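I opened the model today to look up a few packing and pairing details. My notes follow in the order I took them.

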Amino acid sequence: MAERDYNFQEIEKKWQARWINEGIFKTRQDTSKKKFYLLEMFPYPSGRLHMGHVRNYTIGDLMARFMTMNGHNVLHPMGWDSFGLPAENAAIQNNIPPMKWTRDNISHMKSQFAKLGFSYDWDKEVATYKPEYYKWNQWVFCRMFEKGLAYKKKAPVNWCPECATVLANEQVEDGKCWRCDSEVIQKELNQWFFKITVYAEKLLKGHDILKAGWPERVLVMQKNWIGRSTGLQVNFKLESGEDFPIFTTRPDTVFGVTYMVIAPEHPFLETIAQGEVRDFIERFKNQPILERLSEDKEKEGIDTGLKVINPFNGEKIPLFVGNFVLMEYGTGAIMSVPAHDSRDFAFAKKYNIPIKVVIDNPDSPLDINTMTDAYVDDGICIHSGPITGMNNREGIEKISDYAEDKGIGKRDVNYRLKDWLISRQRYWGCPIPAVYCEKCGTVPVPDDQLPVVLPVDVDFQGSSQSPLKQMDSFVNTTCPKCGGHAVRETDTMDTFVDSSWYFAKYTSPGSKDMFDRDAVNYWMPVDQYIGGIEHAVMHLLYARFFTMVLQDLGLLQCSEPFTRLLTQGMVIKDGSKMSKSKGNVVDPDEIIKSYGADTVRLFMLFASPPDKDLDWSDKGVEGCFRFVGRVWRFVEKFRELYTPEGSPEGVNLSTELKKIRSELHRTIKAVTYDIRERMQYNTAIARMMELTNALYQVPENEFSTSEGKLVLSEIFNSLIPMLSVFVPHVAEEMWESIGRPTLLYRHNWPGFREDLTVKEEIEIVFQVNGKNRSKMNASSSITKEEMEKAALDDGKIKELISGKQVVKVIAVPGKLVNVVIKG
């Protein structure tokens, strides 16, 4: 039989069509198998897949195929995070309705997915722009409103003038909009919030569940974002007698307070601020929050002329307004101890405020007249009433006890995390289901009137303003309570709401309820989630919050949505992340056309560990193409020798056949371990490349014998299935070519014999002062003493150490001997 060329275009079309026709990726509940829910973060339908997408989804597809071949019932769905600004901007710029733009893009991207051979169950597809999906955003909103978890208030917000919408703090990066990179300003608006702060402690405790399967880096980022701090709320008072409470994590310094600072947006200032103070407040109220907090920005303030009384010592201290204090943290005011805080020290020096030392350096007593910065280390409390003479760390607990006994303070917990601002002043999003009635106030839309459908026939008139405000037919409605006239909320929900529960909907997308209870509780939680690190404190935190809310509503049994998390690295080219503006984008379609989907997939998995950035290399792609070709040619050359029946077990084999069989079993063991335990797919591929090299070293006549045919068949029965999770199309073609009738996707993963993975002979490296100088092959049972003797008897080593003093000989069993010499 003539050897065939590797025609990847025909092969890939053939197997993609067969997979679809046979419906092999369709999923159903099967309690006889262990379930495995594999999910990659779903994409925004921007119109084209980019290489970052391809990498993410290739990793997921490998894992889905691997777990299926290992006997798991795998759910591997895909959908579309399809609300958001790009569709709206396209409508404004190109006069294309957002609905059409979105649908067209989804259609094109689905065709790209098909070309890559991903194992998605498209029966599970969801798209967040569809009313049957976002109805349940609205339903959950109404339940949260009933429980006080959804509320509206006037608040200073981050405003992006370019996008004409509000941004959550998490969406402001270095003072700029996360999406369009324009400068963000402060604006005061009535906004809807979700009370995520109620779940702050539960979100932190959930890390105990997640630490076994999530990257520590992500957990640290979330922990820092939630920002739990314990301290004391101290009841300072204004001279007028009004309470002026503050929160501090350093009550051991309370006797050193020499001034107080209040946030510019504090409500207290509305009634008392005049003249220069009012001008200062207005100037800094519009400064972006992150800019105010930046270490690089100058800390500015102004004296209000008011005095505050310290309840611990009765001292009257000035009250300043400062641009570095936020209403969002604590009570919106802070006590300042310049002797023991560098920021407070610089501010005090700038505005001529007294500085008072209350924690002394036990090794070198402090002199306020010579201090050039704050003393921030631990020490001994001085001039501090009941804690004078104590170590300041001990003093924190003692002064807290004292404050509670005297009724001038109480222990408290604060969080950096703020409630989730969900209002967006844009059109292409889920309508917020609330109406406003002059008689009844704010009224949620009743369940039987959901969904509040987003109108699709809209006119943007070239403006970035939401057209909903101008649509009388949408705005004007009837109050569900009194039947009188009411107006609808025209803000839409943050699109992160859409992605906070989509993983649960995948389990039963056709359900008329939010999801089918049996299905969702069979599949959830997601066993493996894959996506970018950039979502650590937005999507991943919101999804955890939403899952906890749904559990409290009795809809989910699990409290955490994702058991294991893999954060894949970016795809970069020429030292930068791929982007159109940098001209370094590689089009997946073009690479598939030139090399095939299997080569693209293989390169994405081989070029870098999945959690590291991948540096695009044309030569690397060509190398992967050559490897696929080598395996193809080997199978083509020997496929007629394949024997479906029989096994080399118990058969007397030649030395060459024994060696290659051992190499095969070591490869199976290594590849299995690298995929299942280490998630290091690049090293798994390297092991199969080494096996392929070894196959080409076996004399051809060895495989022509009856014993050789049995070993060759074992190789085909193992190597081709292993390759199938990396390069599924060509693997299926090779599998068929040797006469195997079943699809590889449904085939079992190969096993290995542990005794055959042990090398009979190993390579021992000989070093002198840590540098490789010689080597030898030896029995794998060689002892440490035998290794040392062999090294000292080696001709090259003898020559190098002649006349030198041997200080010591270090042997690492089974690996190397290092002879350390002097002179």
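**Entry 1: aromatic cluster.** I looked for aromatic side chains that group together. Phe-141, Phe-145, Trp-192, Phe-194, Tyr-199, Trp-420, Phe-496, Tyr-542, Phe-545 and Phe-546 form one cluster. I note here that the model is a predicted one. The structure has 58 aromatic pairs. I took Tyr-120 and Trp-122 as one example: their ring centres are 5.7 Å apart and the planes stand at 75 degrees, which is over 60, so I filed the pair as edge-to-face. Tyr-120 is buried, at 3% relative accessibility. Trp-122 is partly exposed, at 27%.

I then went back to the cluster for Phe-194 and Trp-420. Their ring centres lie 5.6 Å apart with the planes at 80 degrees, so this pair is edge-to-face too. The pair links distant parts of the chain: Phe-194 belongs to strand 7 (residues 185-194) and Trp-420 to strand 17 (residues 420-421), 226 residues apart. Are these two rings buried or exposed? Phe-194 is buried, with a relative accessible area of 0%. Trp-420 is buried as well, at 2%.

**Entry 2: strands 3, 4 and 7.** I followed Phe-194 into its strand pairing. Strand 3 (residues 150-160) runs antiparallel to strand 7, and 10 bridges join them. Opposite Phe-194 of strand 7 I found Ala-150. Strand 3 also pairs with strand 4 (residues 165-167), again antiparallel, over three bridges. There Asn-158 has Leu-167 as its bridge partner. Strands 3 and 4 make a hairpin with four residues between them. In that turn, Ala-164 has a positive phi of about 55 degrees.

**Entry 3: helix 8.** Which residues of helix 8 are buried? In this helix (residues 216-226) I listed Val-218, Leu-219, Gln-222, Trp-225 and Ile-226. They sit on the same side of helix 8, because they cover an arc of only 125 degrees around the axis. A reminder to myself: an α-helix has 3.6 residues a turn, so residues three or four places apart point the same way. Glu-216, Arg-217 and Lys-223 are exposed on the other side of helix 8.

I checked what the buried side meets. The buried residues of helix 8 pack against several elements, among them helix 6 (200-205), helix 7 (207-210), strand 16 (409-415) and helix 18 (539-552). Strand 8 (228-238) and strand 25 (562-567) are also on that list. Trp-225 has a charged partner: Arg-416 lies over the face of its ring, at 4.2 Å from the ring centre. I noted another such case, Arg-65 over the face of Trp-19, at 4.9 Å from the ring centre.

**Entry 4: from helix 8 into strands 8 and 9.** Gly-227 comes just after helix 8 and takes a positive phi of about 60 degrees. Strand 8 runs antiparallel to strand 9 (residues 243-248), with six bridges joining them. Val-234 stands opposite Ile-246 of strand 9. This hairpin has four residues between its strands, and Gly-241 has a positive phi near 100 degrees.

**Entry 5: a buried Gln in a loop.** I looked up Gln-680. It lies in the loop between helix 22 (655-678) and helix 23 (681-697). Its relative accessible area is 15%, so I logged Gln-680 as buried. What does Gln-680 contact, leaving aside its neighbours within four places in sequence? The contacts are Pro-609, Pro-610, Asp-611 and Asp-674.

**Entry 6: a four-stranded sheet.** I traced an open sheet of four strands in the order 30-29-32-31, with mixed pairing. Strand 30 (771-779) and strand 31 (805-812) are the edges, each pairing on one side only. From one strand to the next the twist averages 20 degrees. Strand 29 (residues 761-768) and strand 32 (residues 816-822) pair in the parallel sense over four bridges. Val-768 is opposite Val-819 in strand 32.

**Entry 7: the whole chain.** I closed with the totals. The chain has 27 helices and 32 strands. Its C-alpha trace spans about 105 × 85 × 50 Å along the principal axes. Of its 823 residues, 55% count as buried. Among contacts with a separation of 6 or more, 72% join residues 24 or more positions apart.

Technical notes
Residues numbered from 1 in each chain as written. Predicted model: local features only at pLDDT ≥ 70, side-chain atom pairs only at ≥ 80, totals over all residues. Heavy atoms only, no water. Pairing = 2+ DSSP bridges. Helix = DSSP H or I, 4+ residues; strand = E, 2+ residues; numbered from the N terminus. Axes fitted to C-alpha atoms, helices over the stretch in contact; angles between N-to-C directions. Buried < 20%, exposed > 50% of the residue type's maximum accessible area, 1.4 Å probe, protein only. Arc of directions from axis to C-beta. Contact = heavy atoms within 4.5 Å. Phe/Tyr/Trp six-rings, centres within 6.5 Å; stacked < 30°, edge-to-face > 60°. Lys NZ or Arg CZ within 6 Å of the ring centre and 35° of its normal.
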